[in-house]
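Hi everyone, thanks for making time this morning. I'd like to walk you through one structure, so please have a look at the screen.

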Amino acid sequence: MERIKEAIARAKEKQSGASVSRLRDPEMPAGVDEIDIVESPIVYNETRVVDLDPAHLEKNRIITLDNEDPNSISFDILRTQVLAKMEANNWRTLAITSPTPECGKTVVAINLAVSIAKQTDYTALLVDFDLRRPRVAHYLGLPDENTFADYLDDKIEFADALVNPSVPRFVVLPNHRPIKKSTEILTSRKIKKLVSDLRDRYEKRICIFDLPPLKATDDAIAFIPQVDCVLMIVSSGETKPADVKECRRQLQSANLLGVVLNKSEEVSKAYYY
Ligand SMILES: Nc1ncnc2c1ncn2[C@@H]1O[C@H](COP(=O)(O)OP(=O)(O)O)[C@@H](O)[C@H]1O
Ligand SMILES: [Mg+2]
């Protein structure tokens, strides 16, 4: 835990202005004046900065902040493979799903996003689109204010819903409570426009969408056509081969990057690609 604490402190040191509660858009490329984006549909000059609690992260298996955690090597390998395929195809949006719940999608999505933000020059934007069972904010320990639900209700601007959890180039769109009519929302014009804006706005940004499981609802299969590619998480000993086969069939027209076998005890590493 000490190591996570130190890693967070180091990340904060790197982040100029981290002592104040808001900072300049972390994605803004050097030399681009804020005036340049004033007319854009997604304007965010400032992103809320939230401090993370190392003990809470550790409890929730968010390990990639700690370079020395032996399991973080698995996420480094995953990150390298994912980015290699995405770069080769000019893909920038990635959905994460699984056949059934509890396979570890959210844990993998957060660790992968942190790994991308920490180890590459990409910004990682993690969007919690498991609208029926949102967990990203809870696993990271983010405050329950200005959420995606508020943005949907037009109470706040998109920019104000974003959070920077004290890791440079890591931005989260959190959500705290289940949202009704999730399939309609994920396929609405508002969300379609948002996803395409997010994709096209910065070349150096990878957007990761944490989705619900394929077998539980229509949400994932309805949303996936909007993203460039998909990563499927399966749980060792829990996911049935027939479910994997069925989900691969469902994803036939999507760009399936690969399948992550999570919760494996057969190898020393808990995760591998
Ligand atoms: N590699 C792993 N080993 C052990 N437990 C894990 C692993 N990955 C995730 N978990 C645990 O499994 C549970 C479900 O994880 P979560 O990421 O919320 O799944 P999903 O998003 O697929 O529903 C959580 O309690 C999480 O801590
Ligand atoms: Mg989840």
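Which strand pairs with S4 over six bridges, and in which sense? Keep in mind as we go that this is a predicted model. The partner is S7, residues 205–210, and the two strands run in the parallel sense. If you want a place to put your finger, take Ala-124: its bridge partner in S7 is Ile-206.

S4 also pairs with strand S6, residues 170–173, again in the parallel sense, this time over four bridges. Here a handy marker is Leu-126, whose bridge partner in S6 is Val-172.

Now, is S4 itself mostly covered or mostly open? Mostly covered: the strand spans residues 123–128, and six of its six residues are buried. That holds for both faces. On one side you have Thr-123, Leu-125 and Val-127, and on the other Ala-124, Leu-126 and Asp-128, all of them buried. So yes, the aspartate is in that list too, because Asp-128 has under 20% relative accessible area, which is what buried means here.

Let's move on to the ligand. Where does ligand 1 sit? You'll find ligand 1 in the largest pocket. There are 13 residues around ligand 1, and those that come nearest are Glu-102, Lys-105, Thr-106, Tyr-139 and Asn-262. Helix H4, residues 105–119, gives the most to this shell, with three residues.

For the polar details, I'd look at three places. Thr-106 has a polar side-chain atom 2.9 Å from an oxygen atom of ligand 1. With Val-107 the backbone takes part: one of its N or O atoms lies 2.9 Å from a ligand 1 oxygen. And Arg-133 places a polar side-chain atom 3.2 Å from an oxygen atom of the ligand. Overall, the protein covers 84% of the 560 Å² of accessible area that ligand 1 has on its own.

Let me stay with Glu-102 for a moment. This residue is in the loop between strand S3, residues 93–97, and H4. Most residues other than glycine have a negative phi. Glu-102, though not a glycine, has a positive phi of about 70°. Is Glu-102 buried, exposed or partly exposed? It counts as partly exposed, because its relative accessibility is 46%.

Ser-98 lies in that loop between S3 and H4 as well. Ser-98 counts as buried, because its relative accessibility is 0%. Its side chain makes a polar contact with the side chain of Lys-105, at 2.9 Å. You'll remember Lys-105 from the residues that come nearest to ligand 1.

There is another positive phi to show you, at Lys-263, where the value is near 60° in a residue other than glycine. Lys-263 is in the segment after strand S9, which covers residues 256–262. With a relative accessible area of 37%, Lys-263 is partly exposed.

One last stop, over at helix H7, residues 158–161, where Asp-160 lies. How far apart are Asp-160 and Glu-46, in sequence and in space? They are 114 residues apart in sequence, and 8.2 Å apart in space from C-alpha to C-alpha. Asp-160 is partly exposed, at 28% relative accessible area.

That's my tour, and I'm happy to go back to any of these spots if you'd like another look.

Technical notes: Residues numbered from 1 in each chain as written. Chains lettered and ligands numbered in written order. Predicted model: local features only at pLDDT ≥ 70, side-chain atom pairs only at ≥ 80, totals over all residues. Heavy atoms only, no water. Buried < 20%, exposed > 50% of the residue type's maximum accessible area, 1.4 Å probe, protein only. Pairing = 2+ DSSP bridges. Near = heavy atom within 4 Å. Polar contact = N/O pair within 3.5 Å; in protein donor to acceptor, adjacent residues only side chain to side chain. Areas by Shrake-Rupley, 256 points an atom, 1.4 Å probe, with all protein chains shown as cover. 1 Å grid on protein atoms, 1.4 Å probe; cavity = no way out; pocket = protein on both sides within 12 Å on 5 of 7 lines; lining within 4 Å. Sits in = over half its atoms within 2 Å of the grid points.
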